[in-house]
Structures are given as structure tokens and as C-alpha cells.
Amino acid sequence: MKRMFRFLREFGLCRSAGTMPLGEVFRVVSLVCSLAFATCVWSAEPAPSRPAPGMGVDVYRIGVDDVVQVSVWHNPDLSVTVPVRPDGRISIPLGGDVIAGGRTPEEVAAAIKEKLAAYVREPQVAVILTQLHSHEYLSRVRVTGAVRQPVSVPYRQGMTVLDAVLAANGTTEFAAADRTELYRKDGEATKAMDVRLDKILKKGDLSTNYPVQPGDIITVPERSF
């Protein structure tokens, strides 16, 4: 208690305990209790949650029409910025053609380093993607079949099956909506997921309104008469 009064006295919140009237003592005690309560509440508040990271590809592989910047340390004449040709190759000084399509920037840098080693002592090579044109197609979601307007739309974080179908202006009158399939690449294989689209659209049943991923294909079949 003495320490409490000493602390409050230092900040000018009270006088000596021996000279304080009883009412002021109660006021000080009440103030201390309020401060302690506020501290407990503040410390008990959970830390703000971070938003979930956006979905994307684990490793980006260079594609046709991407533009790469090749930098060779201390050799500016060998440094170039070039697009990836339709054959998946790029051309560099001294090294000639190098395969870039389907490789990561690190793999391309290693291939260039190997070629330049015959001309430059211990070349240090960096490959940087400056324009990602091919990525546009890798990150799209496609809706086909019995929809009013088959579409290929850019993937957006939080997009669901319903969002993609609405982008296709909904289904036609001939659609067998509850036999809709969502096709997704899973490594080398492709897996199909059943989508009860009619229940989503007409009954608000969102149990199969799956979040989509880049590269997904949603197919709405027609009814068989």
C-alpha cells in the first residue's frame, strides 16, 4: 500500500497518506482499482488476426511472352532484357540461345552461368522476371457448358464457384445444374468435384460452393431429354 501511495504521489495524484481525508483515500483506492481493471482488460484482448495469404502457385515457371532481365555482375555488355520466344528460348550475348520456358528464374540463371563460364571467369548471373504475360492464363478460372456466356475470367482472392458462374451470366434453361463438375489439377492428375449448382442458385445451399483456385474449370452439362 505504501508503494502504491508513493507511486501516486510522484505523479501528483495524491498527498501523503497521513494527511489525506478519508474521502480522498477512497478516491485514490478507486482510481487504482480502475487502472488495474483497465490493464487486465487490455492485456486480455486477443492480438489482431492477420488476413489469410492469397492463394497462388508455389513455384512460378517462365512462359512464352514473359520478359526476363539477365544481369551479369561486372559485365554490363552481357546483360540484356529479352522476351521469351514462342519456342521457349531467349538469346543472350556470347551464350546464344538458352531454354527459359518451363524453368524457374534460378534454373535459367544456372544454365546461363554454365554457358558463360567458357568466356567469363566465375560469372555471377541473376535472372529477374520483369513482365509476366504468360501468368495471366495460368491464373484464370474457366466456366464452360450450359451457361449463357462461357468465360475465362482472372482469378480473384475469395472467388467461389457461384462468383464464376455469375460471371458467365448464369445457366441456360437446358442446364443440368446439379451435375456441375469442378475440375482441378492435382499434380499430374486432374480431380473432379461435384457441385450442386441448382441447390446453390435456387435454395441457397452453399455446401458445394467451393472456393476456386487458379486454373480451375467449371463445366455445367446439359440435360438429357
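Strand 3 and strand 4 make a hairpin with three residues between them, and L94 in that turn has a positive phi of about 70 degrees. This hairpin belongs to a predicted model, in which the protein has six helices and ten strands. A good way to get to know the structure is to begin at this turn, then visit the five-stranded sheet, and finish with the cores.

**The hairpin of strands 3 and 4**

- Strand 3 covers residues 89-92 and strand 4 covers residues 96-99; the two run antiparallel and are joined by four bridges.
- One of the paired positions is I92, whose bridge partner in strand 4 is G96.
- A helix residue comes into the picture here too: K115, which lies in helix 3 (residues 105-116).
- K115 is 21 residues away from L94 in sequence, and their C-alpha atoms are 8.1 Å apart in space.
- Setting aside residues up to four places away in sequence, K115 touches G95, D97 and V98.
- With D97 there is a polar link as well, since the side chain of K115 reaches the backbone oxygen of D97 at 2.7 Å.
- Is K115 buried or exposed? Neither label fits, because its relative accessibility is 37%, and K115 therefore counts as partly exposed.

**The five-stranded sheet**

- Five strands form an open sheet with mixed pairing, and their order is 7-6-10-8-9.
- At the edges sit strand 7 (151-154) and strand 9 (189-195), each of which pairs on one side only.
- From one strand to the next, the twist averages 20 degrees.
- Strand 6 (residues 140-145) and strand 10 (residues 217-220) run parallel and share four bridges.
- Strand 8 and strand 10 run antiparallel, and three bridges join them.
- T219 in strand 10 is a handy landmark: T144 stands opposite T219, and E181 stands opposite T219 too.
- Strand 8 (residues 180-186) also pairs with strand 9, in the antiparallel sense, over seven bridges.
- Within that pairing, K185 has T190 in strand 9 as its bridge partner.
- Strands 8 and 9 form a hairpin with two residues between the strands, where G187 takes a positive phi near 70 degrees.

**Two residues to look at in and beside the sheet**

- R184 sits in strand 8.
- What makes R184 count as buried? The reason is its relative accessibility of 9%, since the cut-off for buried is under 20%.
- The side chain of R184 makes a polar contact of 2.7 Å with the side chain of D216, and also reaches the backbone oxygen of P211 at 3.1 Å.
- Leaving out residues up to four places away in sequence, R184 touches A189, T190, K191, M193, P211, V212, Q213 and D216.
- S139 is found in the loop between helix 4 (135-138) and strand 6.
- Although S139 is in a loop, this residue counts as buried because its relative accessibility is 16%.
- Beyond its neighbours within four places in sequence, S139 is in contact with V153, P154, Y155, P214 and G215.

**The nonpolar cores**

- In soluble globular proteins, nonpolar side chains tend to be buried together.
- The largest nonpolar core here has 22 residues, and the members that touch the most others are V141, V143, V161, L197, V212 and I218.
- Strand 6, strand 7, helix 5 (161-167), strand 9, helix 6 (197-203) and strand 10 each give two or more residues to this core.
- Which element gives the most to this core? Helix 5 does, with three residues.
- V143 touches P150, V151, A164, V165, A168 and I218, not counting residues up to four places away in sequence.
- A second, separate core has 21 residues, including I62, V72, I90 and I92.
- I92 thus links two topics of this briefing, as the bridge partner of G96 and as a member of the second core.

**The protein as a whole**

- Of its 225 residues, 32% count as buried.
- The accessible surface comes to about 14700 Å², and carbon and sulfur atoms account for 56% of that area.
- Among contacts with a separation of 6 or more, 48% are between residues 24 or more positions apart.

Definitions and conventions:
Residues numbered from 1 in each chain as written. Predicted model: local features only at pLDDT ≥ 70, side-chain atom pairs only at ≥ 80, totals over all residues. Heavy atoms only, no water. Pairing = 2+ DSSP bridges. Axes fitted to C-alpha atoms, helices over the stretch in contact; angles between N-to-C directions. Buried < 20%, exposed > 50% of the residue type's maximum accessible area, 1.4 Å probe, protein only. Contact = heavy atoms within 4.5 Å. Areas by Shrake-Rupley, 256 points an atom, 1.4 Å probe, with all protein chains shown as cover. Polar contact = N/O pair within 3.5 Å; in protein donor to acceptor, adjacent residues only side chain to side chain. Core = buried A, V, L, I, M, F, W, Y, C linked by side-chain atoms within 4.5 Å.
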